[in-house]
Amino acid sequence: MMDSKTPLRLVKAMDVSGLPVVTVDGGEDVAEIKDVVFDGASHRLIGFTLNKRGWFRGRLKSLLGAGDIQAIGPDAVMVSTEADLTEPDSAHPAMTGDEPLVTIDGTRVLAGDGTELGSVCGVVLSTGSPPAAVGYEVDTGDGAVFVPISAELAISDDNLLLPAAAKDFIVDDLTGFGAAVADFRAKLEQGASA
Amino acid sequence: MTVAMTDVVDLDVVDEETAANVGTVKALWADRSGRHISSVDVSDGLMSSRVLNWRQVVAVGPDALVTSSSGGEPNDDEDTSVDGADEATSLSYIGANVLTSDGVLVGSVTDVHFEESSGAVTALMTTEGRVDGQRIRSLGSFAVVVDPDVE
């Protein structure tokens, strides 16, 4: 298990769209990432919808659950085998539209002291196995900042309210955000054990 | 003895029993595990070719590849647990994308080094450097998948 202080390798969820899904056991591109399925209420990555590969690409019925991903890299999403793609009848209901999802894009983001930071414009994923949502990209109107996800985040139809402890871990570059998330988690663990 | 794939391509192919030239090496194919050379595509110079199983190769010299018309015995270390490992598949290494199992493209294959006797791949030469054969996970139509370099 990864140490909470180990910097995470991160990727913006929007950058995963269009990547090929490649099997480790076969070296075949069996699908292409279409859309991210993300639940804003639980701040959780559910999985991805898929397109076919090749000239006649169109939507693929199969889906890819987050737990079935071996790794997300800058050039491909890796699965162990083609059998890791899930048929709709055995997929998470949120991936087939049978369970409504809370959309978080555009939600106003407030710091713990009530200061408005901006609005959510993206989700940041860790690339490990399985990948997970670890932060939000926030459009400040003057650029973007990244805020870490934690169980202490509060969300409503109006706002995403950050815990006060997150204030020191808001950064303006994705490269440094991996270390910030690791540090934030370490701080939360220290607080829980104190 | 280790052999480079690019040194084998274009060699004369000589039949062990008749000593006749039966063609030239057009390409070498690997099995889907990516760990073994599985077959030799032999061109007869008349716009046609035939495929020999690597087990039919008797010797690889600097000037000719000597073959036997019999199939030979399976190699002891040949991985037959992977589908197609024992078939003459049409998977070519040269030019293949090299993709790590964590999803990073690390160049393309420019040459393959392998053991003459077994066909076992010992290393890939890529546009980004050498990849040890032990890191190979599979060879497919999209890429050769390798374990990440931990060094």
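## Two domains of chain A and the pocket between them

In chain A, the centres of domain 1 and domain 2, taken over C-alpha atoms, are separated by 24 Å. The contact between the two draws on 18 residues from domain 1 of chain A and 23 residues from domain 2 of chain A. The model in which these domains appear is a predicted one, and its chain A is divided so that domain 1 spans residues 10-95 and domain 2 spans residues 108-193, bounds that come from an automatic or database domain assignment.

Turning to the chain as a whole, the secondary structure of chain A comes to two helices and 13 strands. The radius of gyration of chain A is 17 Å, close to the 16 Å that the globule rule gives for 194 residues, and chain A is therefore as compact as a globular protein of that length. Taken along the principal axes, the C-alpha atoms of chain A fill a box of roughly 50 × 35 × 30 Å. Of the 194 residues of chain A, 47% count as buried, and among the contacts in chain A with a separation of 6 or more, 49% are accounted for by residues 24 or more positions apart.

One residue that illustrates such a pairing is A:Thr23, which has its place in strand S2 (residues 20-23) of chain A. The C-alpha atom of A:Thr23 is separated by 5.4 Å from that of A:Ser80, although the two residues are 57 residues apart along the chain. Is A:Thr23 buried or exposed? Its relative accessibility is 3%, and because buried means under 20%, A:Thr23 counts as buried. Leaving aside residues up to four places away in sequence, A:Thr23 touches A:Glu28, A:Val30, A:Val79, A:Ser80, A:Thr81 and A:Glu82 in chain A, and also B:Ser138 and B:Val145 in chain B.

The second largest pocket leads back to the two domains. The volume of the second largest pocket is about 260 Å³, and of the 13 residues that line this pocket, the closest to its centre are A:Val36, A:Phe38, A:Ile104, A:Asp105 and A:Val123. Helix H1 (13-16), strand S3 (29-39) and strand S9 (116-126) of chain A each supply at least two residues of its lining, while by residue type the lining divides into ten nonpolar, two polar and one charged. Where does the second largest pocket lie with respect to domain 1 and domain 2 of chain A? Both domain 1 (10-95) and domain 2 (108-193) of chain A give residues to the lining, so the second largest pocket lies between them.

Terms used: Residues are numbered from 1 along each chain as its sequence is written. Chains are lettered from A and ligands numbered from 1 in the order in which they are written. This is a predicted model: local features need pLDDT of at least 70, side-chain atom pairs count only at pLDDT 80 or more; totals for chains, interfaces and linings use all residues. Side-chain values use heavy atoms; hydrogens and water are left out. On a 1 Å grid over the protein atoms alone, a cavity is a set of points where a 1.4 Å probe fits but cannot get out, and a pocket is an open set with protein on both sides within 12 Å along at least five of seven lines; lining residues have an atom within 4 Å of a point. Grid points are joined across faces, edges and corners, and a volume is the space filled by probe spheres set on the points. Helices (H or I, at least four residues) and strands (E, at least two) are DSSP runs, numbered from the N terminus. Ala, Val, Leu, Ile, Met, Phe, Trp, Tyr, Cys and Pro count as nonpolar, Asp, Glu, Lys and Arg as charged, and the others, Gly among them, as polar. The radius of gyration is taken over C-alpha atoms; the globule rule is 2.2 Å times the number of residues to the power 0.38. Buried means under 20% relative accessible area, exposed over 50%, partly exposed in between (1.4 Å probe, protein chains only). Contact means heavy atoms within 4.5 Å.
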